[in-house]
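Please open the structure in your viewer and keep the sequence panel beside it. The stops below each begin with something to select and then say what is there.

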Amino acid sequence: DGDGDGDGDGDGDGPTVRVLDVALGSDGSATVVADSRVPASSAPSATAGEDEQVVSVDIALASGEVLRRDVAVADVVRAELPLEPGSTRLEPTRVTDPTPVVHVVVPDGARPTGLTVRTDQGTFRAADPRPVGRPVGRAPVRIAVPGYTFGPRSNRLDIVVLGDGYTAAQRDQFAADAKRLADDVFAVQPYAAYRSFVNVVALFAPSAQSGADQPAYRAGCTDQRPAPGCCPESSAAAQTGKRVRTRYDSTFCAFGIQRLLVPIDDRAIARDAAAYPGADQVLVVVNDPSYGGAGGAVASVSTNPAASSILPHEIGHSLLGLDDEYTTPTPGYPPCSDRRRNGVRMRCDANITDVSDRSRIKWRRWISADTPVPTSGPVSPEDRIGLFLGGHYSADTYYRPCDDCLMRSLDRPMGAVGSEQLPLRLFGPRRFDVDLIDGASPGNGATVLVGTGEVQSFTVDVLSTAPAAGTQLTWTVDGAVVSSGLVATGPTTLTLNGDGAAHTVKVTAGEAVGALHPSDRGLSRTTRTWRVRPRAQVVANPGFERKLGTTWRGNARKARVCSDRARTKRCSARLVASPKRAVVLAQALRLASVDAGDRLVLKGFANSAANKPTTATLRLVGTDGSRSTLVLKWSADRRDRKRYVARSRSLTLPTGVRSATLTLKLPRGRGATNLDDLSVLVTAAPG
């Protein structure tokens, strides 16, 4: 079909884990609807947050072993919508989902033969834990969402958009609705600032018919099932009622609430979402113009323009772990405590507390010194952080951080405390574990060979808050800062000129403009490091251009000739033999950053008329104490005393080098030797 996002999907980047998606049935059955690999950063957690319970899963293996897994499962459906479209006042209702989908990690290669899930609602068993086939109809295909690029899955938060009630002929309409849905979310802070950190993926699977079920209104209806046969609330749609065949069987008036629009077929959703395994959030857009939606592990909205305004609030629950800041009592809502009150085990979410002591308030770093605690509203600006009484469905026990923010009312700012939960989860190890540096070239930790005069580029792909350049990027060479500043999302490059020396290049990225409190910005800090080694370093090439005493030690300090006699037409060493003494010169060499596997070459040119051979000897002591020797030897060349003869010896170093000494020697005798271009060349081993 020519489908695809056109950006390279990066699937398989980074470590992955194997996950079974298990759908629970009202008859006590458990069905494995998908067996897939997901990024390790998306692996299910065993720590329950708001609207979640920890369930126990026993997996019987063919080996006879039984594995026990505890996993947090979202089991609440939220009807947090205004009674009337356009109103900012939310009317909250929470309904427990008795048959949620459970995601459980299993070992690679394991062959399950049985599976038991124990939840608060009962025990569910799978007689055959093999994945079932897909629902009847075409498998979902990925389609591009215009305006949303796709990055490596191992370093992104992943949102999947599914469509229900779209026929095959309405595919383009679904694409447009998916984009509008994403645009509505990313028009609101903090999501807008971190848009480049998110993959938005649309998966299209056609329905047989358009729309969603509308149970007919019936006075006194008491049917509060997920898919009721009637509706107790009157509306224009409910007055007529309708039934349609759709992919996920979405229905209005779920649990007896007219505006609660829920896709009922969790199994089909799990199977289709597994086409992009490990999604952090699944959204379903239902092709029906009536006003409605729902929140939870799977958030759903109709195509009514006002319906999607609730999504930033809903994913504040499911992605950011935020609590509601309502004061309306709701029977059965579990208590929480930051004071470890007797009988209360659950800690309060990030935006709710029962602590009123300023020094112990968990968001105290956001409270200005001139803000009284507790704080009375209304205040200006409306998202000013304080300690406002009311929240967690209570008017007198809990406090919220701002008077009227998004977790309380629509079309309000999220507030600093709620907003920072996104980067805290992006950068922290608790959930998404996203890195500000997407990738690096050369790869992180690589050893790079750079020749003298060569130019080496180091490039990192950076993620940054939008639209500003919000990431502080600092480059250092050998610990000294060479570049520092704010950068935007995209590649940034440092170039280094090879100078024949070894260096360490390091880049550090950290959030500077974003939702994190300044005291937390260290959580976002990340680094990449490279080792630079000379591709071929001339360790010793005195050329005899300097006075012998500055480099060499020995008994021929005056034997330096600077004339066209030298091969280089500059200076050479003229060693003159005598019957009484040998001529010896020596110098210690400094071999910088030499490793095992490097190739070392000793070479030189000499014109000799002496009657005894002249030798150049390189002695090496390895880091392990081993010793190596290279020797060059020149005998008298009486055929042409102006001709220089080249000599060269090489070895591959078995270890690093602790010390090196180069010695020139002309034994006692007669005649002279001119030496020039004597050098030690080290070529670094690749890697």
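Start by selecting helix α4, where L311, P312, H313, E314, I315, G316 and H317 are buried; the model you are looking at is a predicted one. Seven of the eight residues of this helix, which runs over residues 311–318, are buried, so α4 is largely enclosed by the rest of the structure. To see what does the enclosing, display β5 (76–78), α1, β15 (281–286) and β17 (298–302), which are included in the cover over the buried residues of α4.

From the covering elements, pick V282, which has its place in strand β15. Is V282 buried or exposed? Its relative accessible area is 11%, and because buried means under 20%, V282 counts as buried. A C-alpha to C-alpha distance drawn from V282 to I315 should read 9.8 Å, for two residues that are 33 apart in sequence. Leaving aside residues up to four places away in sequence, V282 touches V160, L162, I269, A273, A297, V298 and A299.

Two of the residues just named, I269 and A273, are listed among the buried residues of helix α3, together with A268, A270, R271 and D272. Select α3 as a whole, residues 266–273, and you have a helix that is mostly covered, with six of its eight residues buried.

Next, select helix α1, residues 171–185, which gives six residues to the largest nonpolar core and thereby contributes the most to it. How many residues does that core hold, and which of them touch the most other members? The core has 71 residues, and F174, F186, L426, W475 and V505 are the ones with the most contacts to fellow members. Centre the view on L426 and show its surroundings: residues up to four places away in sequence aside, L426 touches L157, Y194, F197, F432, D433 and V434. Another core lies apart from this one and consists of 36 residues, including L602, L632, V657 and L675.

Now turn to the backbone. Most residues other than glycine have a negative phi, and most peptide bonds are trans. Against that background, go to the loop between α4 and β18 (388–391), where P378 is found, and inspect the peptide bond from G377 to P378, which is cis with omega near -5 degrees. P381 is also found in the loop between α4 and β18, and the bond joining S380 and P381 is a cis peptide bond with omega of about -5 degrees.

For phi, select D411, which has a positive value of about 60 degrees although it is not a glycine. D411 is found in the loop between β19 (394–400) and α5 (416–419), and at 59% relative accessibility it counts as exposed. Then move to D677, another non-glycine residue with a positive phi, here about 55 degrees; the place of D677 is in strand β38, residues 672–683.

A further loop to visit is the one between β12 (198–204) and α2 (236–240), where Q224 is found. Q224 is exposed, with a relative accessible area of 59%, yet it touches F255 and G256, residues up to four places away in sequence not being counted. If you draw a line from the C-alpha atom of Q224 to that of T465, 241 residues apart along the chain, the separation is 44 Å.

Finally, zoom out until the whole protein chain is in view. Its secondary structure comes to seven helices and 38 strands. The radius of gyration is 37 Å, well over the 26 Å that the globule rule gives for 687 residues, so the protein chain is more spread out than a compact globule. Along its principal axes the C-alpha trace spans about 130 × 60 × 50 Å. If you colour the chain by burial, buried residues make up 52% of the 687 residues. Of the contacts between residues at least 6 apart in sequence, 69% join residues at least 24 apart. With a surface displayed, the protein chain exposes about 29600 Å², of which carbon and sulfur atoms supply 48%. Colouring by charge picks out 84 positive and 73 negative side chains, and the centres of the two sets lie 21 Å apart.

Methods:
Residues numbered from 1 in each chain as written. Predicted model: local features only at pLDDT ≥ 70, side-chain atom pairs only at ≥ 80, totals over all residues. Heavy atoms only, no water. Helix = DSSP H or I, 4+ residues; strand = E, 2+ residues; numbered from the N terminus. Rg over C-alpha atoms; globule rule 2.2 N^0.38 Å. Buried < 20%, exposed > 50% of the residue type's maximum accessible area, 1.4 Å probe, protein only. Contact = heavy atoms within 4.5 Å. Areas by Shrake-Rupley, 256 points an atom, 1.4 Å probe, with all protein chains shown as cover. Lys, Arg positive; Asp, Glu negative; His and termini not counted. Charge placed at Lys NZ, Arg CZ, Asp CG, Glu CD. Core = buried A, V, L, I, M, F, W, Y, C linked by side-chain atoms within 4.5 Å.
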